[in-house]
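Please report on the annotated spans, the opening helix and the cysteines of this chain.

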Amino acid sequence: MNLFKTQKQNLESIANDLLKHLRVKVTPITVGSCILNHPEYPSILSLSDCLDNWNVKNDAYRIDKTAFEKEDLLFPFAAHFTEKGGRFILVHNIEEGSVHYTDEKERKGIMTEQEFLDRWDGIAFHAEGKTTSGEKDYRLNYLKAILHKLLLPSTMILCMVILGFSIAAHPFSLFYTLLCSLKFIGTGISILLLAQSINSQNPFIRNLCGLAGKSDCNSILKSDAAKITDWLSWSEIGFFYYTGSLLLLLIQPSSVSLIAWLNVTALPYTIYSITYQYRHKNWCILCCAVQVILWSEFLANAGHSTFSFPVVTDRPYWILICFLAPVIIWALLKPAFYQAQQLAPLQRQLKKFKYNTDLFLQALTNQPRYAVGADLMPVVLGNPDASTVITMVSNPNCNPCARAHSFLETWIAGRDDIQVKVVFATADHDNDIRTKVARHLAALTLSNEKKIAERALTHWYEQKGNFEAWAEAFPLDKAIPTNDSSERQKQWCKMAEITFTPTILINGYKMPDPYQLEDLRYLLN
C-alpha cells in the first residue's frame, strides 16, 4: 500500500482515468477542483461541464439493456450505477462475458457481463478528445502539482535535517540520539492524531490506519474516552508532551532526568488506552504506536539510569517556554484548522442554493430591465439569432472587462444558444482613446463585418496599445459616420445607471448580487 497515495472520490477518479485514456493533458488537481466544486456534483452534468471546459467532446446516452449489443458501444464509457446514491465505473472493454473496468478502488476490475447489466441503469457517458483539448497553462499547473506532492516529504526531510543538526550540536551520545529520535517520532504521530481529529476522512491517515486490517482509528478517536473535556483531547495532550519535551531536550540536554520522570507520569495512560481498545475489540494503530514509544522511552531511560532525585535543571525558565510554546501555537492554529475544514461542506451547500435556477431567475427578473436595441450599434458575438442575450457594458481600457470578454468568448465558442452584445461606456470625446476604439468597432459592425469586429475586439483586449496600428490592422472599406454611436451608448449607460464596468445584463435584466459572470456556466444550461 502506498501511504502517500490519496484515494480520489468516485467521479473524480473516473474523470482522471477517462482523460488519461483520451491522452488529454489536465492535471489531477485541476480535475478534482472542477469536479468537486461543481454545484451539481456528483452528477453527469458536472463531468460534462468540466470536459467542456477542456474542449473535450462528450455525450450521454440511455441504452435499452434489453436490446443491448456490445458491438454498438463506444469504449471507454462511464457507466452509471444507482447503488450507494449513484456512482460510476469506467468500462474499457466487454469480451467473453466479462466487463473490464476501473474506478476509485479497482484499477483492473473485472465483473461478469450479467452482474454489470444487473447493476447498470443504462446510462452511458462517452467522450472524445481533440487536438485542441486540454488544460490551459498545463505545464505550469503540472509543475505546481509536482511541488504540491513534494510538500509533505520535503517537510519531513527538513525536520529530520534540523533534528540531526540539533543533535550534532551536542557531544555525541547514543542514548541522547535515541531519545531525540523517539521524541521526534512521537511528535510526528501526535500531529497525525491531531490531523485525524480535524479531518477524519484524511486519505493518508486512513491508509496508515488500514495497515492494521480491521482497525478503525476514527471510532476510537471520536469516542468520549479520547477526550478529557469537550475542548481538550488526549491527542492534544500527547502533542504538548512530545513537542515540549523534544524542544527541551534539544535546547537543554541537562533536563534529561526531568524528562524521564515526566515519561513515568505518562505510563498509566498506556494502560488506560490499551484496556479501552481491548474491551471494545477495536484498535487504533496510531494510538498503539504512541504507547509503544512511551514504553520505549521508559526502557531507554531505565537502561541508562537516567532517573535521579532530586531533579536539577540549569535554567528552569526553559521548561516553561518549551512546554508553553506548543500549547500557544496549537491554540492559535486549532480554530483556523476547524474553520477551514467546515468551510468546504458549507461552500457546497451554498452553491446548491446559489445555483438553483429558479431562485436565480426570480432574483434576475426582480431587477430593472433595459432594452438593448440595434440602434446602439453593439458588437455582437455568438449566435445573433439566439433568444438568450447577454449584454456586457464594457470599457476598452478596463482590465476586468478584458478578462470578462475572454471568458465569454471561450464559453460561447461551444454554445449556439447564446448571443452576446458588447456596449461601451466612454466619455464620447473625439480625443479619447476609448471613444475612438468604440466608434471604430461600431463602424465595423455597421459595415456588415461582424466577424472582423469580433476579432478586432479580441485583438484590442489582448494587445491594448497603439490605436492607429490597431485601426490599420482592421481597416474600414469606407468612411462610416459613427459619432452618434458613442453618444447613444453614453446616454443609454446613463439611463441604465451603469456605474462600473463590466456590468452584465441577461435579456435586459441586470445580473443581481451575489452572482458573477462565471456563474452563468451553471445557470444558463
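Residues 258–276 are 100% helix and 0% strand, and the end C-alpha atoms of this span lie 29 Å apart. Helices here are DSSP runs of H or I with at least four residues, strands are runs of E with at least two, and both are numbered from the N terminus. This is a predicted model, in which local features need pLDDT of at least 70 and side-chain atom pairs count only at pLDDT 80 or more, while totals for chains, interfaces and linings use all residues. Residues are numbered from 1 along each chain as its sequence is written, and side-chain values use heavy atoms, with hydrogens and water left out.

The span 258–276 is one of those that an unreviewed UniProt entry lists as "transmembrane region". Such positions follow the numbering used here, feature names are shortened, and annotations may be inferred rather than shown by experiment. The same kind of record places "domain: Peptidase C39" at residues 19–126. Three annotated spans are set out below.

| Span | Helix | Strand | End C-alpha distance |
|---|---|---|---|
| Residues 19–126 | 28% | 33% | 11 Å |
| Residues 258–276 | 100% | 0% | 29 Å |
| Residues 283–304 | 86% | 0% | 32 Å |

**Helix α1**

Helix α1 covers residues 10–22. Its 13 residues should span 18 Å at 1.5 Å a residue, and the end C-alpha atoms are 19 Å apart, which agrees. The expected span is 1.5 Å times one less than the number of residues. Eleven of the 13 residues in α1 are buried. Buried means under 20% relative accessible area, exposed over 50%, and partly exposed in between (1.4 Å probe, protein chains only). Among the buried residues of α1 are Leu11, Ile14, Leu18 and Leu22. The partners of its buried residues include α2 (28–36), α3 (44–53) and β3 (87–95). Contact here means heavy atoms within 4.5 Å. Just after α1, Arg23 has a positive phi of about 60 degrees.

**Cysteines**

How many disulfides does the rule count? The count is one disulfide, defined as a pair of cysteine sulfur atoms within 2.5 Å. Cys34 and Cys50 form it, with their sulfur atoms 2.1 Å apart. The pair links distant parts of the chain: Cys34 sits in helix α2 and Cys50 in helix α3, 16 residues apart. The link of Cys34 and Cys50 is left-handed, at -105 degrees about the S-S bond. Both cysteines, Cys34 and Cys50, are buried.

Why is Cys180 unbonded to its closest cysteine? The closest sulfur, in Cys322, is 12 Å from that of Cys180, too far for a bond. Cys322 is in no disulfide. Cys180 is buried at a relative accessible area of 0%, and Cys322 is buried at 2%.
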